[in-house]
Amino acid sequence: MKIAYFTHSLLSCWNHGNAHFLRGVLRELIARGHDVRTLEPEGNWSLANLLADGGEAGLEPYRTAYPELSSQSFAPGTDPVELVDDAELVIVHEWNDPALVAAIGDLRKRGGRFTLLFHDTHHRAVSDPDAIRAFDLSGYDGVLAFGETLSEVYRRWGWEGRVWTWHEAADTRHFHPPVHEGTREGLVWIGNWGDGERTQELEDFLFRPANAAGLPLDIYGVRYPDEAKAMLASHGARYRGWAPNAKAPEIFARHLATVHVPRRYYATILPGIPTIRVFEALACGLPLVSAPWEDAEGLFRPGTDYLVARDGAEMTRHLTALRDDPDLRASLAAAGLETIRARHTCAHRVDELLAVVATLGAPQVERNVA
């Protein structure tokens with residue numbers, strides 16, 4: 001099948017978690033013989049920031065890890081007919097320009113012989129619903145939402161029967177335990193500071209407990225203002241700056257454990273949606289402790305695949321136990337990896353995507369959109 005995916009950026013993972021998942025899904029589709037094209041706008045802010053942070057060398061980890069992937073950049077105003085070309089399945093991510101989203105939908109309405117899906121992997125449907133409702137999706141065949149609670153939002157907006165929950169997952173070709181086990185020390189947390197909506201949670205469930213447990217803490221990510229860096233320093237944490245996501249398995253392999261601190265939206269009004277780091281860390285066999293987060297869809301086995309801390313004191317107890325008990329670390333690593341391999345790989349998500357496409361009917365090759 002010929003597939004076109006419109007993303008904000010495939011090249012850049014700088015503050016762009018969708019790139020992690022997308023890379024894994026696209027390489028799985030290619031491995032199955034599908035003809036995949038990825039399109040991203042010229043000058044997108046994620047790539048611009050990556051180049052400012054790491055220069056061209058910052059792209060090398062991605063290019064080395066994903067040699068089968070490439071993307072086509074396009075200028076503003078490019079004819080969407082040219083972009084869609086002869087694709088049979090077109091997926092448009094929600095970080096695209098609303099005018100482009102509408103233009104591709106218009107192509108479909110005017111007889112485009114392709115299946116058209118909108119892919120939502122963010123919390124804006126609840127945090128900034130006007131921004132999402134501003135998209136003209138009238139030409140779209142359906143919506144892929146990265147959590148059931150987000151799917152429910154779309155159903156309330158009239159998408160009943162045309163929205164599918166499509167969770168993120170781990171690319172287990174790249175995210176796996178190290179082939180040769182090396183020295184591990186301390187905790188690692190890879191995540192962006194964001195808009196400050198979880199500052200208190202980070203302090204309560206990560207910085208203070210790590211310090212209290214006597215575990216060195218390495219922090220990777222972007223958008224850390226000076227006051228955030230000062231907070232890290234006050235707790236003895238080391239800020240390492242941006243890390244290419246392709247390097248995450250190497251980073252995980254140097255540490256004893258990590259912590260899941262969900263953004264507030266995913267701990268409150270959109271429960272059941274983990275950050276993609278949970279999938280990636282467990283796929284690498286890294287023990288994980290989660291701050292309060294409701295696994296509303298039963299994606300994992302809390303207490304078996306990972307530990308859960310209800311408050312900072314319990315987080316400290318869990319981290320201390322992980323520090324001192326190699327059997328506990330081994331048990332969590334094995335269980336988390338088992339669940340990832342059984343249910344949450346990008347291969348599973350490709351199966352789900354193809355099932356959705358089959359439900360909508362096989363795309364027709366002949367097109368009528370010129």
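**Salt bridges**

In this predicted model, the count of salt bridges comes to 26. Begin by selecting Asp 141 and Arg 108, which form one of them, with their closest N and O atoms 2.9 Å apart. The two residues belong to distant parts of the chain, 33 residues apart. Asp 141 sits in the loop between α7 (129-133) and β6 (142-145), while Arg 108 is in helix α5, residues 98-109. Colour the pair by accessibility if the viewer allows. Asp 141 has 18% relative accessibility, and because buried means under 20%, Asp 141 counts as buried. Arg 108 has a relative accessible area of 24% and is partly exposed.

Next select Arg 310 and Glu 314. Their salt bridge has its closest N and O atoms 2.9 Å apart. Which partner is buried and which is exposed? Arg 310 is exposed, with a relative accessible area of 65%; Glu 314 counts as buried, at 11% relative accessibility.

Then move to Arg 208 and Glu 203, where the closest N and O atoms of the salt bridge are 3.6 Å apart. Here Arg 208 is partly exposed, with a relative accessible area of 41%, and Glu 203 is buried, at 14% relative accessibility.

To see a group rather than a pair, select Glu 28, Arg 32, Arg 173 and Asp 351. These four residues are linked in a network of salt bridges.

**The annotated domain**

Select residues 204-355. An unreviewed UniProt entry lists this range as "domain: Spore protein YkvP/CgeB glycosyl transferase-like". Over this range the chain is 50% helix and 10% strand. The C-alpha atoms at its two ends are 42 Å apart.

**The six-stranded sheet**

Show the strands as a cartoon and find the open sheet. In what order do its six strands lie? The order is β10-β9-β8-β11-β12-β13, and the pairing is parallel. β10 (238-239) and β13 (307-308) stand at the edges; each has a single partner strand, so one side of each is left without a neighbour in the sheet.

Stay at the β13 edge and select β12, residues 288-290. β12 and β13 pair in the parallel sense over two bridges. To see a bridge pair, pick Ser 290 and its bridge partner in β13, Val 308.

**Helix α13**

Select residues 276-283, which make up helix α13. Eight of the eight residues are buried, so α13 is largely enclosed by the rest of the structure. The buried residues include Arg 277 and Glu 280, alongside Ile 276, Val 278, Phe 279 and Leu 282. Step just past the helix to Gly 285, which takes a positive phi of about 75°.

**The largest pocket**

Turn on a surface or pocket display. The largest pocket has a volume of about 860 Å³. It is lined by 44 residues, and those closest to its centre are Asn 15, Gly 17, Asn 192, Arg 198 and Arg 263. Select these five to place the view. Then add the elements that each supply at least two lining residues: α1 (18-31), β8 (187-190), β11 (257-260), α12 (264-267) and α13. Which of them gives the most? It is α13, the helix of the previous stop, with four residues. Coloured by residue class, the lining of the largest pocket divides into 20 nonpolar, 16 polar and eight charged residues.

**The second largest pocket**

About 200 Å³ of space lies in the second largest pocket. α3 (60-65) and α11 (248-252) are the elements that give two or more residues to its lining. The largest share, four residues, comes from α3. Among the lining residues to select are Glu 60, Pro 61, His 174, His 176, Lys 247 and Glu 250. The lining of this pocket divides into six nonpolar, three polar and three charged residues.

**Last stop: Val 357**

Select Val 357 in helix α16, residues 346-360. At 4% relative accessibility, Val 357 counts as buried. Now add Leu 117 and draw a distance between the two C-alpha atoms. Val 357 and Leu 117 are 240 residues apart in sequence, and their C-alpha atoms are 9.2 Å apart in space.

Definitions and conventions
Residues numbered from 1 in each chain as written. Predicted model: local features only at pLDDT ≥ 70, side-chain atom pairs only at ≥ 80, totals over all residues. Heavy atoms only, no water. UniProt positions renumbered as here; feature names shortened; annotations may be inferred. Buried < 20%, exposed > 50% of the residue type's maximum accessible area, 1.4 Å probe, protein only. Pairing = 2+ DSSP bridges. 1 Å grid on protein atoms, 1.4 Å probe; cavity = no way out; pocket = protein on both sides within 12 Å on 5 of 7 lines; lining within 4 Å. Points joined across faces, edges and corners; volume = space filled by probe spheres on them. Nonpolar A, V, L, I, M, F, W, Y, C, P; charged D, E, K, R; others polar. Salt bridge = Lys/Arg side-chain N within 4 Å of Asp/Glu carboxyl O.
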